[in-house]
Amino acid sequence: LSGCARIPIHGPIIAPPNIQWNDTKWCVPWKLRGVLHRVSRKFGKVIVHSTKRHPFENRRKGGASKSYHLKCQAVDFSVVGRPNGVTRYLKKQRAVGGYKYYGGHYHIDTGPRRTW
């Protein structure tokens with residue numbers, strides 16, 4: 001086997017049934033899919049609201065001009081029931097750069113480690 005066959009895969013190959021995709025999932029990086037899978041296992045059903053955005057949509061939603069949604073590297077989601085500890089859990093995930101809780105929705109992306 002080549003060295004490529006030994007690369008570990010972190011996260012699910014197929015989205016688990018307790019993640020509901022209300023936006024496109026084709027562009028979500030595997031490492032963020034893995035985070036969503038782990039969140040759903042630990043806290044319950046995850047509903048994905050926003051992934052890839054086009055510039056007009058991003059402006060309409062009030063997104064930052066250099067939003068990671070424009071690069072297909074961000075996810076906005078909610079957890080049914082909003083259990084305590086999700087933000088602390090996201091902070092501990094090495095695959096997550098930016099993270100934030102916005103009144104009912106969580107944002108994660110692959111950028112540098114930060115919150116706002």
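Two strands pair if DSSP finds at least two bridges between them. That rule underlies the sheet in this predicted model. Five strands form the sheet, which is open. Helix α1 packs on this sheet. The structure also holds one disulfide and an aromatic cluster of Phe77, Tyr101 and Tyr106.

**The sheet**

- Strands pair through backbone hydrogen bonds, in parallel or antiparallel fashion.
- Here the strand order is β1-β2-β3-β5-β4, and the pairing is mixed.
- β1 and β4 (99–102) are the edge strands. Each has a single partner strand, so one side of each is left without a neighbour in the sheet.
- On average, neighbouring strands are turned by 30° against each other, direction ignored.
- β2 and β3 run antiparallel and are joined by four bridges.
- In that region, valine 48 stands opposite phenylalanine 77, a residue of β3.

**Helix α1**

- α1 covers residues 30–43, which makes 14 residues.
- From first C-alpha to last, α1 reaches 20 Å, close to the 20 Å expected at 1.5 Å a residue.
- In its contact with the sheet, α1 touches β1, β2, β3 and β5. The direction of α1 makes about 10° with that of β3.
- An α-helix has 3.6 residues a turn, so residues three or four places apart point the same way.
- The buried residues of α1 are Leu32, Arg33, Gly34, Val35, Leu36, His37, Val39, Ser40 and Phe43.
- These buried residues pack against strands β1 (19–21), β2 (46–50), β3 (74–79) and β5 (105–109), and also against helix α3 (86–92).
- Glycine 44 comes just after α1 and takes a positive phi of about 115°.

**The disulfide**

- A disulfide is a covalent bond between the sulfur atoms of two cysteines.
- In this model, cysteine 27 is joined to cysteine 72, with 2.0 Å from S to S.
- The torsion about this S-S bond is about -140°, so the disulfide is left-handed.
- Cysteine 27 lies in the loop between β1 and α1. Cysteine 72 lies in the loop between α2 (55–60) and β3. The pair therefore ties together parts that are 45 residues apart in sequence.
- Both cysteine 27 and cysteine 72 are buried.

**Tyrosine 99**

- Tyrosine 99 sits in strand β4.
- Its relative accessible area is 10%, so tyrosine 99 counts as buried, because buried means under 20%.
- Outside its neighbours within four places in sequence, tyrosine 99 has contacts that include Thr87, Leu90, Lys91, His107 and Ile108. Arg113, Arg114, Thr115 and Trp116 are also among its contacts.
- Arginine 88 is eleven residues from tyrosine 99 in sequence. In space, the two are 10.0 Å apart, C-alpha to C-alpha.

**Aromatic rings**

- A pair of aromatic rings is described by the distance of the centres and the angle of the planes.
- The model has three aromatic pairs.
- Tyrosine 101 and tyrosine 106 form a tilted pair, with 4.7 Å from centre to centre and 50° between the planes.
- Tyrosine 101 is partly exposed, at 25% relative accessibility. Tyrosine 106 is buried, with a relative accessible area of 2%.
- Together with Phe77, Tyr101 and Tyr106 make up one aromatic cluster.
- Phenylalanine 77 also appears in the sheet, where it stands opposite valine 48.

Methods
Residues numbered from 1 in each chain as written. Predicted model: local features only at pLDDT ≥ 70, side-chain atom pairs only at ≥ 80, totals over all residues. Heavy atoms only, no water. Helix = DSSP H or I, 4+ residues; strand = E, 2+ residues; numbered from the N terminus. Expected span 1.5 Å × (residues − 1). Buried < 20%, exposed > 50% of the residue type's maximum accessible area, 1.4 Å probe, protein only. Contact = heavy atoms within 4.5 Å. Axes fitted to C-alpha atoms, helices over the stretch in contact; angles between N-to-C directions. Disulfide = S-S within 2.5 Å. Phe/Tyr/Trp six-rings, centres within 6.5 Å; stacked < 30°, edge-to-face > 60°.
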